[in-house]
Amino acid sequence: MYNNKFDREMAASGFGSQAYSNAVQFRGGGASAAARLGAIAVLVRSAGGSQNRLPHTGALRYAEDAPKIPAATITFEDGELIDYLAKMGTVKIKIVLTPQTFPDAPSHNVIADLKGSEKPDEVVIVSGHLDSWDLGTGALDDATGIGVSMQVLYLMKELGIKPKRTIRFVAYMNEENGLVGGRKYAEEEDQNISKHFAAIESDLGASHPLGFYFAGKPEALPYFLPISRILRSQGAGLVQLQPGGVAADIGPLTQKGVPSFAPWFDTRTYFNYHHTPADTLDKVNPKELAENGALMAVLAYGLANLEQPLPR
Ligand SMILES: [Zn+2]
């Protein structure tokens, strides 16, 4: 049993995605690591911050060199309880698991372009992912990301603003079960990567935004000052460099050198709901959602209208 504690303090300090990536390795790779040591099954404490006895789900990757043993999540509370009991002696656990894996079925990315007025062949992506885990409704992960990305195109049309470069909305399919849509997009656009000026993805909910994450050459940071100056008025003027990447679906583009961006959220609550039955629409605050729509629009428009190319 992996009883790793999700770092809620780290999440409260604005570093929720880092807290999650520290915790999620046990869910992703824990079964194979334990199998190599002779385990016959693993229990993994939820990789999120929920303290409402809600189990957290997500992808598990079996390694080729280890037996494929069953794995299940336990909640924060049950992890604490089993740990307490184990200190008093042997604990026996009966595990009943019922999941099945069905064959893949055809599905699609959804793409819409708002053509640029001066450089229509250069593209700034605004995006999220369409799919979600089935035990919640995916309101935060990632319906809000789709909503604020569509909002960018809507706002431009509504305000009669024409970006110089094309702004492309992408709703990626199947992020959760292997990043299929994101990989496929990057593969199909491989000849066209140099025309991808920037990619933005919102996939960490819709709390109050503090600013944005950036993955790319640090020399590019001064280019964003005029954008941050505008966002400062809504409390979103910060920029955090994340060289490893900023969001899952645009990760394959980041790896090919496309400057990549994502909203930097207040992450105090997101991982309490993420991948649980509590990811439902009541968790979405309309005012904060609108703040994110504004951040995505200012960022996308600012990038689409930058005079110079970004260093890459
Ligand atoms: Zn997501």
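Is Lys 184 buried, exposed or partly exposed, and what is its relative accessible area? Lys 184 has a relative accessible area of 40% and is therefore partly exposed; here buried means under 20% relative accessible area, exposed over 50%, and partly exposed in between (1.4 Å probe, protein chains only). The views below show a predicted model, in which local features need pLDDT of at least 70, side-chain atom pairs count only at pLDDT 80 or more, and totals for chains, interfaces and linings use all residues. Residues are numbered from 1 along each chain as its sequence is written, and side-chain values use heavy atoms, with hydrogens and water left out.

**View 1. Salt bridge between Lys 184 and Glu 187 in helix H5.**
The closest N and O atoms of Lys 184 and Glu 187 are 3.4 Å apart; a salt bridge is a side-chain nitrogen of Lys or Arg within 4 Å of a carboxyl oxygen of Asp or Glu. Because the two residues are three residues apart in helix H5, about one helical turn separates Lys 184 from Glu 187. Helices (H or I, at least four residues) and strands (E, at least two) are DSSP runs, numbered from the N terminus. Glu 187 is exposed, with a relative accessible area of 52%.

**View 2. Salt bridge between Asp 190 and Lys 256.**
The side chains of Asp 190 and Lys 256 meet at 2.6 Å, N to O. Asp 190 lies in the loop between H5 and S6, and Lys 256 in the loop between helix H7 (251-255) and S9, so the pair ties together parts that are 66 residues apart in sequence. Asp 190 counts as partly exposed at 38% relative accessibility, and Lys 256 counts as partly exposed at 36%. Elsewhere, Asp 113, Lys 115 and Arg 168 are joined into one network by salt bridges that share partners.

**View 3. Salt bridge between Glu 80 and Arg 45.**
The structure holds 14 salt bridges. In the one shown, the side chains of Glu 80 and Arg 45 meet at 2.7 Å, N to O. This pair links distant parts of the chain, with Glu 80 in helix H3 (residues 76-86) and Arg 45 in strand S1 (residues 42-45), 35 residues apart. Glu 80 counts as partly exposed at 39% relative accessibility, whereas Arg 45, at 5%, counts as buried.

**View 4. The zinc ion and its protein donors.**
The donors are His 129 (NE2), Asp 141 (OD), Asp 203 (OD) and Asp 203 (OD), lying 1.9 to 2.7 Å from the zinc ion. His 129 lies in strand S4 and Asp 203 in the loop between S6 and strand S7 (209-215), so the pair ties together parts that are 74 residues apart in sequence. Donors are N, O and S atoms within 2.8 Å of the metal (3.2 Å for Na, K and Ca); water is not among the atoms, so sites may look incomplete. The four donor atoms subtend angles of 52 to 147° around the zinc ion, which makes the arrangement irregular. Four donors count as tetrahedral if all angles lie between 85 and 135 degrees; four count as square planar and six as octahedral if opposite donors are over 155 degrees apart and all others between 65 and 115; anything else is irregular. The spacing of the donor residues in sequence is H-x11-D-x61-D. Both His 129 and Asp 203 are buried.

**View 5. Strand S6 and its pairing with S4 and S9.**
Six of the six residues of strand S6 (residues 196-201) are buried, so the strand is largely enclosed by the rest of the structure. S6 runs parallel to strand S4 (residues 119-129), to which five bridges join it; two strands pair if DSSP finds at least two bridges between them. S6 also pairs in the parallel sense with strand S9 (residues 260-265), over two bridges. Ala 199 is the bridge partner of Ile 125, and Ser 260 in S9 is the bridge partner of Ala 199.

**View 6. The buried and exposed residues of helix H6.**
Ile 227, Ser 228 and Leu 231 are the buried residues of helix H6 (residues 225-232). Seen down the axis of H6, these residues fall within an arc of 95°, so they line one face of the helix; the arc is that of the directions from the helix axis to the C-beta atoms. Arg 229, Ile 230 and Arg 232 are exposed on the other side of H6. The cover over the buried residues includes S7, strand S8 (238-241) and helix H9 (286-304), where contact means heavy atoms within 4.5 Å.
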